[in-house]
Amino acid sequence: MLIKVLLVLAILIQSVATIYALRLVRTTKYNSVWILFIIGFSLLSVERLVQLFVADEGTYVEHWWFAYLGIVISICLSIGVMYAHKLFKYIGRLTRQRQLLNKRILTAVLRTEEKTRSRFSKELHDGLGPLLSSAKMSLSALSLQEQNPEQKEIIKNTTYVIDEAIRSLREISNNLSPHVLNDFGLARGVQNFIDKSIAMHEVKIRFTTNLKTERYDTDVEVIFYRVICELINNSLKHSGCTHINLSLAQNGADLALEYTDNGCGFNPDAMMDCGMGLSNISSRINSLGGTVDFKSAKGMGMRAAIRVNTKQELLQEESLRDRKLK
């Protein structure tokens with residue numbers, strides 16, 4: 001009786017497997033895999049049915065075609081497994097191509113964003129800047145003429161407003177496209193941003209680096225600069241911290257960033273989806289093929305560790321240029 005139950009159970013399982021294989025025939029490129037599995041499972045079901053009938057008769061009958069049936073089943077399943085291996089390799093190749101495509105799309109978006117920022121910065125600096133300077137010069141010339149106290153006060157206030165507009169214009173232009181970063185490199189650009197942040201906030205920021213005049217690919221410098229600015233702004237706006245420690249170092253082929261603050265902390269998993277720019281930071285670093293690790297807890301501050309292989313990024317850029325030339 002137990003043998004009959006086991007045979008019926010085997011037939012049911014193989015029938016279910018056959019149905020699922022039928023549904024997968026048109027789903028993938030390698031549909032021959034599922035056809036072979038269908039044949040194999042169907043023949044197994046036939047074999048189990050014959051064994052069930054033999055068990056019902058209470059006799060053991062050995063037929064010569066049982067051996068051939070077993071060989072056919074073994075061949076079908078073996079070839080099916082081989083094709084399944086090809087299927088998994090094909091899926092893995094598609095996954096890698098999709099990841100590479102996503103990375104290229106993200107890199108293109110970031111480059112376009114930086115080009116747009118740079119263009120706006122140049123237009124503001126070269127277009128609106130000279131107009132404000134001309135207005136200031138005209139007011140300066142007007143102030144040399146004989147004026148009553150009320151007119152002098154108006155000219156003085158207008159000059160002050162123009163000076164503030166020029167200062168704001170320079171600040172906006174620099175935020176859009178940091179000239180220090182473009183001219184002197186990553187370390188000087190970061191230090192310049194930190195100096196401005198310290199001047200506007202009562203927060204101690206400690207910045208250490210072993211970088212001097214090293215220059216990196218434009219994407220690496222801009223993305224690291226934007227990430228550091230984002231981290232500092234998040235700490236200043238949301239954490240309520242009093243101390244920020246920032247380390248930027250070249251360790252062999254890796255450019256490493258270590259960032260900590262003593263703020264209120266947060267749940268990194270929740271913040272990745274709902275705010276504070278952490279997902280944006282991860283996307284930017286992922287576009288360089290780097291790694292990001294956020295650690296934080298309520299009342300424990302936060303820590304960010306970022307690694308990017310600058311040599312690998314350089315090789316990828318050279319490979320991409322070679323493809324374009326070909």
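**Exercise 1. The sheet**

In what sense do β3 and β5 pair, and over how many bridges? Then place the remaining strands around them.

*Solution.* The model is predicted: local features need pLDDT of at least 70, side-chain atom pairs count only at pLDDT 80 or more, and totals for chains, interfaces and linings use all residues. Residues are numbered from 1 along each chain as its sequence is written, and side-chain values use heavy atoms, with hydrogens and water left out.

Step 1. β3 and β5 pair in the antiparallel sense, over eight bridges. Two strands pair if DSSP finds at least two bridges between them. Helices (H or I, at least four residues) and strands (E, at least two) are DSSP runs, numbered from the N terminus.

Step 2. Take one residue pair: leucine 257 stands opposite isoleucine 306 in β5.

Step 3. Now the order. The five strands run β1-β2-β3-β5-β4 in an open sheet with mixed pairing. The edge strands, each pairing on one side only, are β1 (204–209) and β4 (291–296). Direction ignored, neighbouring strands are turned by 10 degrees against each other on average.

Step 4. Set the sheet in its context. The protein holds 10 helices and five strands.

**Exercise 2. Two hairpins**

Describe the hairpin of β2 and β3, then that of β4 and β5.

*Solution.*

Step 1. β2 and β3 pair in the antiparallel sense over eight bridges. Asparagine 251 has aspartate 254 in β3 as its bridge partner. Two residues lie between these strands, and glycine 252 in the turn has a positive phi of about 65 degrees.

Step 2. β4 and β5 (residues 302–309) are also antiparallel, over six bridges. Five residues separate the strands of this hairpin, where glycine 299 takes a positive phi near 75 degrees.

Step 3. Valine 292 stands opposite isoleucine 306 in β5. Threonine 291 stands opposite arginine 307 in β5.

**Exercise 3. Threonine 291**

Is threonine 291 buried, partly exposed or exposed? List its neighbours too.

*Solution.*

Step 1. Locate the residue: threonine 291 is in strand β4.

Step 2. Its relative accessibility is 48%, so threonine 291 counts as partly exposed. The classes are buried (under 20% relative accessible area), exposed (over 50%) and partly exposed (in between), with a 1.4 Å probe and protein chains only.

Step 3. Leaving aside residues up to four places away in sequence, threonine 291 touches Ile285, Ala305, Ile306 and Arg307. Contact means heavy atoms within 4.5 Å.

Step 4. Threonine 291 and valine 308 are 17 residues apart along the chain; their C-alpha atoms are separated by 6.6 Å.

**Exercise 4. Helices on the sheet**

Which strands does helix α7 touch? Compare the setting of helix α9.

*Solution.*

Step 1. Helix α7 (residues 218–239) packs on the sheet and touches β1, β2 (243–251), β3 (254–261), β4 and β5. Its direction makes about 5 degrees with that of β3. Axes are lines fitted to C-alpha atoms, for helices over the stretch in contact; angles run from 0 to 180 degrees between N-to-C directions.

Step 2. Helix α9 (residues 278–287) lies across β4 and β5, at about 155 degrees to β4.

Step 3. Zoom in on serine 235, a residue of helix α7. Serine 235 counts as buried because its relative accessibility is 2%.

Step 4. Its side chain makes a polar contact with the side chain of aspartate 261 (2.6 Å). A polar contact is a pair of N or O atoms within 3.5 Å; within protein, one must be able to donate a hydrogen and the other to accept it, and residues adjacent in sequence count only if both atoms are side-chain atoms.

Step 5. Beyond residues up to four places away in sequence, serine 235 touches Gly240, Cys241, Ile244, Tyr259 and Asp261.

**Exercise 5. The aromatic pair**

How many aromatic pairs does the structure hold? Classify the geometry.

*Solution.*

Step 1. The structure holds one. Phenylalanine 193 and tyrosine 225 are edge-to-face, 6.2 Å centre to centre with 75 degrees between the planes. Rings of Phe, Tyr and Trp (its six-membered ring) pair if their centres lie within 6.5 Å; planes under 30 degrees apart count as stacked, over 60 as edge-to-face and the rest as tilted.

Step 2. Phenylalanine 193 lies in helix α6 (residues 186–200) and tyrosine 225 in helix α7, so the pair ties together parts 32 residues apart in sequence.

Step 3. Both phenylalanine 193 and tyrosine 225 are buried.
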